[in-house]
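Work through the exercises below with the sequence and the model open. Each task is followed by its solution.

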Amino acid sequence: MGTPTVVWFKQLGMHDVERVGGKNSSLGEMIQHLSKAGVSVPDGFATTADAYREFLAHEGLADRINAQLASLDIDDVQALARTGKAIREAVVKAPFPAALEKEIRDAYRQLLDQSGPDISVAVRSSATAEDLPDASFAGQQETFLNVRGIEQVLEKVKEVFASLFNDRAIAYRVHQGFDHAKVALSAGVQRMVRSDLGSSGVMFTMDTESGFREAVFITSSYGLGEAVVQGAVNPDEFYVYKPALSAGRPAILKRGLGEKAKKMVYASAGGKAVEFVPVAEAERRRFSLGDADIQALASQAMIIERHYGRPMDIEWGKDGVDGKLYILQARPETVKSRATGNTLRRYKLKSRGQVLAEGRAIGQKIGAGTVRSLRSLDEMTRVQQGDVLVTDMTDPDWEPIMKRASAIVTNRGGRTCHAAIIARELGIPAVVGTGNATEVLRDGAAVTVSCAEGDTGYVYQGHVDYAVDEVALDKMPEIPVKIMMNVGTPEQAFDFASLPHRGVGLARLEFIVNRQIGIHPQALLELDRQPADVRRIIDQMISAYPSPVDYFWMRLAEGIATIAAAFAPEPVIVRLSDFKSNEYANLVGGSRYEPHEENPMLGFRGASRYIAESFRPCFDLECRALRYVREEMGLRNVQVMVPFVRTLTEARRVSEILRENGLERGKDDLKLIMMCELPSNAVLAEEFLEYFDGFSIGSNDMTQLTLGLDRDSGLVAAGFDERDPAVKKMLHMAISACRRQNKYVGICGQGPSDHPDLARWLLDEGIESMSLNPDTVVATWLFLAGAKT
């Protein structure tokens, strides 16, 4: 008996890549080695590379294909399309060798015996050079879903074979230097998970944008996962912190609600295998995956990553019938994990224009060019080198023209869709899931596509100037001070953490409230008392969370935890919310709870707000979020900072309220830091330090209150200077008091970022740390080391 041309997954392992391709060998590897560890993979079988070669050799098909490819000009897109189509048609029409057909029939019959006669299967391609660590073939070949009956299986196996000759696959092999004749194809036939009745998606064991390794990134949507992979839906997104998960703690760093407007399900009629149907509004407003499932998926992802010893790209599905989670595919992550070198390139806009569209940012670069808005691939010849490709969504056939683009913008898709994957491979920025790019971006117009501003990507009108800075991370000199960062936006935390740092000296809680919550906490505590129009807005914003109060503290905890995880184990000093009354009033529902003050800068803010009985229930929610992050998630690198403490009475009372909320100074290494930003703080520094573990100097308020000027007034703003002798006298008093008591002293104001000479003076005074805006970290660091910048 000869070598079998059909093999069961459970008989395969990673040593079988040349035999059945990366995808199928990986399925076998997981079934063999990870099933007992808790990784569930549906069973199935694969045709071998030898089966593929026998099929092509049968009746001389291979010779005819090779002749057509030998004369092909790969840069002639239309010729490529014609040749590819002709080859694919020839493959589908060719007959199977009798022995191969019999083996497929026998294996399918056995799968029915194991799983029941009513099952459907997925027939997927697995190229023998696909999913190798140094090559990404993902998505170049076909996947067929809800295949039923042996005749359909045989037909789809042929179509899988034919897909090795789709346009993108042919072009990719040429550009990567793969010999067409040496790349074979295996067809995997796998029992389908009923995720059409549940949910599914893609997950990575690292952050795909920043390369941050300590989080699992999960996308999820209702129905079959192919919709997420294609980019046909904007899915939910979740981040899970690996160290917390390993410790058995709550580990979800972030939950992002996707639009999930439609889902892919088994077709009800019309001869199609699958179809898209709308998702009910109530389901769209909920997360498609619960917390327990999110953590269970991340656990499976970590098991897989440990086994393979590298970051992984994993497709998963939740069966709506048995309620179980299954791993459908796993392959090496091939973009961020291949990034080498110690040079960091950072893109930054020099100015901003009118925003024409926005969506999810892919990558962290900026690109500019002329809009080429395409309705279909029939218009591919219109795209020239350096154009900005704008379309509804992309699929594998689009790659030849995607390579010409300086940036890509799509209506649909999330961060794991086809357009996102290819943009990362090509190293160009993409903004996906805009919803309306093809409507608002005029063909032929000049635009700038920016993915350098966090999770949200923007398309600006015209060519906007930008800079590219290179940082040699392995050549940063030693300096006698800790350089920390000011971080207010959790969505940029993973990226900022790649800069040289000693932690976060200022994490602004009010930024998290404003960007991730947007609702006044009192309005959430008293939701039933809100006017109907405000209630409607709030109901829509909080729909994915268990209750109005849970929405506030959980969203706040997500923001804090994301920053803390990104910079762990270095300290992250979180400043309690420092909104002024006019800023709180701008939150949804806020106007009815905030006083009108003539000078909010000197009004109801900071410590005086926290100790007020009227605000106490709101402050308790902040404390709940902080305590959850520290105690439940185990992120004890979080320290708490109290802003705008006018008097010693306020200092004493705030520390008491924090203790009542479980945030007791010294317990579980909790440090309480005070913002030293009022002249009274410097004058009575020794006394204030009785209640705190140190100071963080806020040079902005200290300057305006010492000099008695409003920095927002154009009439006197020219006199605002942190280097004024009076201000420096105050800073000297504060630093000296901390040094005498051997307590922490840092600065988190704008001064050292704007004035390197002030940074040098602070160094000479004995400041322990400087917390800088991220874009000034490297320049200030080098200045302090005496290097030229």
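**Exercise 1.** State in which sense strand 6 and strand 12 pair, and over how many bridges.

Solution. Strand 6 covers residues 199-204 and strand 12 residues 312-318. Strands (E, at least two residues) and helices (H or I, at least four) are DSSP runs, numbered from the N terminus. The two strands pair in the antiparallel sense over six bridges; pairing requires at least two DSSP bridges. In this pair, serine 200 stands opposite glycine 317 of strand 12.

The model is predicted: local features need pLDDT of at least 70, side-chain atom pairs count only at pLDDT 80 or more, and totals for chains, interfaces and linings use all residues. Residues are numbered from 1 along each chain as its sequence is written, and side-chain values use heavy atoms, without hydrogens and water.

**Exercise 2.** Place strand 6 and strand 12 in their sheet and name the edge strands.

Solution. The open sheet has six strands in the order 9-8-7-6-12-13, with antiparallel pairing. Strand 9 (252-256) and strand 13 (325-332) are the edges, each pairing on one side only.

**Exercise 3.** Describe how helix 16 packs against helix 19.

Solution. Helix 16 (residues 509-517) meets helix 19 (residues 548-567) at about 120 degrees, with the axes 10 Å apart. Axes are lines fitted to C-alpha atoms, for helices over the stretch in contact, and angles run from 0 to 180 degrees between N-to-C directions. Helix 16 is therefore oblique to helix 19, that is, outside the ranges under 35 (roughly parallel), over 145 (roughly antiparallel) and 65 to 115 degrees (roughly perpendicular).
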